[in-house]
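Biologist: Thanks for making time today. Could we go through this model together, one question at a time?

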Amino acid sequence: MGDALRQSTGEKMKGYLASLSSTRYTAVLSGSLITAILQSSAVVCVMVVGFVSSGLMTLQSSLGILLGAGIGTTVTSHMVSVDITIYTMYGITVGFGMLTFGKTKRIQQWGTGLLGLGLVFFGLDVMSKALTPLRSYPPFISMLVSMSDPVLAILVCCIFTALIQSSTASVGIVIVLASQDLLNLKAAMYLIMGANIGTGVTPLLAAWSNSSATSLGGNREGQRVALANLIFKLGGLILVPILPLLLPLLKQTADELPRQIAIGHTLLNVVITFMFLPFLKQVGNLCYRMLPERKSVSIEVP
C-alpha cells in the first residue's frame with residue numbers, strides 16, 4: 001500500500017519535501033501531511049534517508065520531517081479506533097476496480113493503495129471477531145496481564161514492530177485487543193511506545209543496506225538521518241516514569257478505550273516533537289559525533 005502511494009506521488013513528493021523543509025516548522029508540517037497520505041512513517045523516513053544520501057536534502061533539514069512523520073502516522077490509529085467497517089468493503093471494491101480497469105498507471109497505483117488500505121481495516125475487523133473467544137482463555141489473559149510491565153511490553157512490541165516493519169500494524173493490533181477488553185490503557189500505551197521505537201529500525205536497515213553498496217561504508221549522511229530518527233523514538237521513553245500519572249488525564253479525552261489509545265499515540269509523538277524541535281541542531285551535531293566521516297585508506301602498490 002505504501003509503495004503504491006509512494007509511486008503514484010513520485011517526483012512531486014520529492015519536490016514537496018525539498019521545498020517545505022526550509023524551516024523546522026514547515027518541515028514538521030510537511031512530514032505530518034505526507035505521512036498521513038502514505039500511511040507509513042517508515043516509508044517516509046526511508047525516502048528521506050535516500051534523499052539525504054543522494055544530496056537532495058541536508059541532515060538538518062530532514063530532522064523536522066522525521067518528527068512530523070511520527071505525528072502523521074497516528075492518523076491511521078484514529079481511523080482504526082472508530083468503527084468504519086461498513087466503509088471497508090466500499091474501499092476494497094473501488095480500489096480493485098481502479099487497479100483492474102484503470103487506464104493509466106497513476107490510477108492503478110492509487111487503486112492499489114486504496115485496496116491495501118481497505119484490506120488492512122478488513123483484516124483488523126476479522127481479527128477483532130476472532131479474538132472474542134480469547135477473553136475467557138486464562139493463558140492468553142495471563143500473557144496480556146504481563147504487558148503491564150513497562151520493560152517487557154516495550155521490548156516485546158519493539159521487536160515485533162521491527163520484524164514486521166510496520167508500526168501501523170502493531171498499533172492496529174493493540175487497538176483491536178483493547179476493543180475486546182483484553183488490554184487496559186496502561187499496557188496499551190507501553191506497547192505503543194514499543195511500536196514507536198520499533199519503527200525506527202526500518203530506516204536503519206535502509207541506510208546501512210544502501211551504504212553496503214558503496215565504498216568506505218557508504219554515505220554517512222543517510223546513516224545519520226536513520227540514527228537521528230531512532231534518537232527521536234527513544235526520546236519517548238522519558239514518559240515511562242510519569243505515564244501512570246498521565247493516565248487519568250488521558251481517560252478524560254474520550255469515552256471509548258480505543259479512542260483513548262489513538263489519542264495517546266498522537267500525544268506521545270506530539271510530546272516527542274516539542275521536546276526535540278528546539279534542539280535539532282544539537283541532535284544533528286550528536287549524530288555527526290556518533291558517526292564521523294570515515295577516513296580513506298590509500299594502499300600503495302609496489
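**A walk through the model**

Modeller: Happy to, and let's start with a single loop residue: Asp181 is exposed, with a relative accessible area of 60%. Please keep in mind that this is a predicted model.

Biologist: Where is Asp181 found?

Modeller: Asp181 has a relative accessible area of 60%, and the cut-off for exposed is over 50%, so Asp181 counts as exposed. As for its place, Asp181 is found in the loop between α10 (167-179) and α11.

Biologist: And what is the phi of Asp181 near?

Modeller: Most residues other than glycine have a negative phi. Asp181 is a residue other than glycine with a positive value, and its phi is near 60 degrees.

Biologist: Let me step back to the overall fold. How many helices and strands are there in the protein?

Modeller: Half of the picture is burial: of the 302 residues, 50% count as buried. Among contacts with a separation of 6 or more, 79% are between residues 24 or more positions apart. As for secondary structure, the protein has zero strands and 16 helices.

Biologist: What share of the accessible surface belongs to carbon and sulfur atoms?

Modeller: The accessible surface of the protein comes to about 14800 Å². The part belonging to carbon and sulfur atoms is 69%.

Biologist: Which residues make the nonpolar surface patch of about 480 Å²?

Modeller: Leu155 is a good place to begin, as a residue of helix α9 (residues 150-164). Patch residues need over 30% relative accessible area, and Leu155 is partly exposed at 47%, so Leu155 passes that cut-off. The nonpolar patch is made by Leu155, Ile159, Phe160, Leu163 and Ile164.

Biologist: Now to α14. Which helices do the buried residues of α14 pack against?

Modeller: In α14, the buried residues are Leu243, Leu247 and Leu250. Seen down the axis of α14, these buried residues fall within an arc of 70 degrees, so they line one face of the helix. That buried side packs against α11 (185-198) and α15 (257-276).

Biologist: Which exposed residues does the face of α14 turned away from its buried side carry?

Modeller: Not every residue of α14 is buried or exposed: Pro244 lies in this helix and is partly exposed, with a relative accessible area of 39%. The face turned away from the buried side carries the exposed residues Leu245 and Leu249.

Biologist: How far apart are the C-alpha atoms of Pro244 and Lys186?

Modeller: Along the chain, Pro244 and Lys186 are 58 residues apart. In space, their C-alpha atoms are separated by 7.2 Å.

Biologist: What about Gly64: which residues is Gly64 in contact with, leaving aside its neighbours within four places in sequence?

Modeller: Gly64 lies in helix α4 and is buried, with a relative accessible area of 1%. Its C-alpha atom is 4.8 Å from that of Ala27, a residue 37 places away along the chain. Leaving aside those sequence neighbours, Gly64 is in contact with Arg24, Ala27, Val28 and Leu280.

Biologist: Which residues does Thr73 touch, not counting those up to four places away in sequence?

Modeller: Thr73 sits in the loop between α4 (59-72) and α5 (74-81). At 4% relative accessibility, under the 20% cut-off, Thr73 counts as buried. Beyond its sequence neighbours, Thr73 touches Thr35, Ser41, Ser167, Thr168 and His265.

Biologist: Which residue forms a salt bridge with Arg224?

Modeller: A search of the whole structure finds one salt bridge, and both of its partners are buried. The partners are three residues apart in helix α13 (residues 220-235), so they are separated by about one helical turn. The closest N and O atoms are 2.5 Å apart, and the partner of Arg224 is Glu221.

Biologist: Last one, on the cysteines: how far is the sulfur of Cys158 from the closest cysteine sulfur?

Modeller: The structure holds zero disulfides. Cys158 counts as buried at 18% relative accessibility, and Cys287 is buried as well, with a relative accessible area of 0%. The cysteine sulfur closest to that of Cys158 is in Cys157, and it is too far for a bond because the distance is 8.2 Å.

Technical notes. Residues are numbered from 1 along each chain as its sequence is written. This is a predicted model: local features need pLDDT of at least 70, side-chain atom pairs count only at pLDDT 80 or more; totals for chains, interfaces and linings use all residues. Side-chain values use heavy atoms; hydrogens and water are left out. Patches are made of residues with over 30% relative accessible area and no salt bridge: like charges are joined within 9 Å, nonpolar side chains (Val, Leu, Ile, Met, Phe, Trp, Tyr) within 5 Å. Accessible areas come from the Shrake-Rupley method with a 1.4 Å probe; for residues, only the protein chains shown count as cover. A salt bridge is a side-chain nitrogen of Lys or Arg within 4 Å of a carboxyl oxygen of Asp or Glu. Helices (H or I, at least four residues) and strands (E, at least two) are DSSP runs, numbered from the N terminus. Buried means under 20% relative accessible area, exposed over 50%, partly exposed in between (1.4 Å probe, protein chains only). Contact means heavy atoms within 4.5 Å. The arc is that of the directions from the helix axis to the C-beta atoms. A disulfide is a pair of cysteine sulfur atoms within 2.5 Å.
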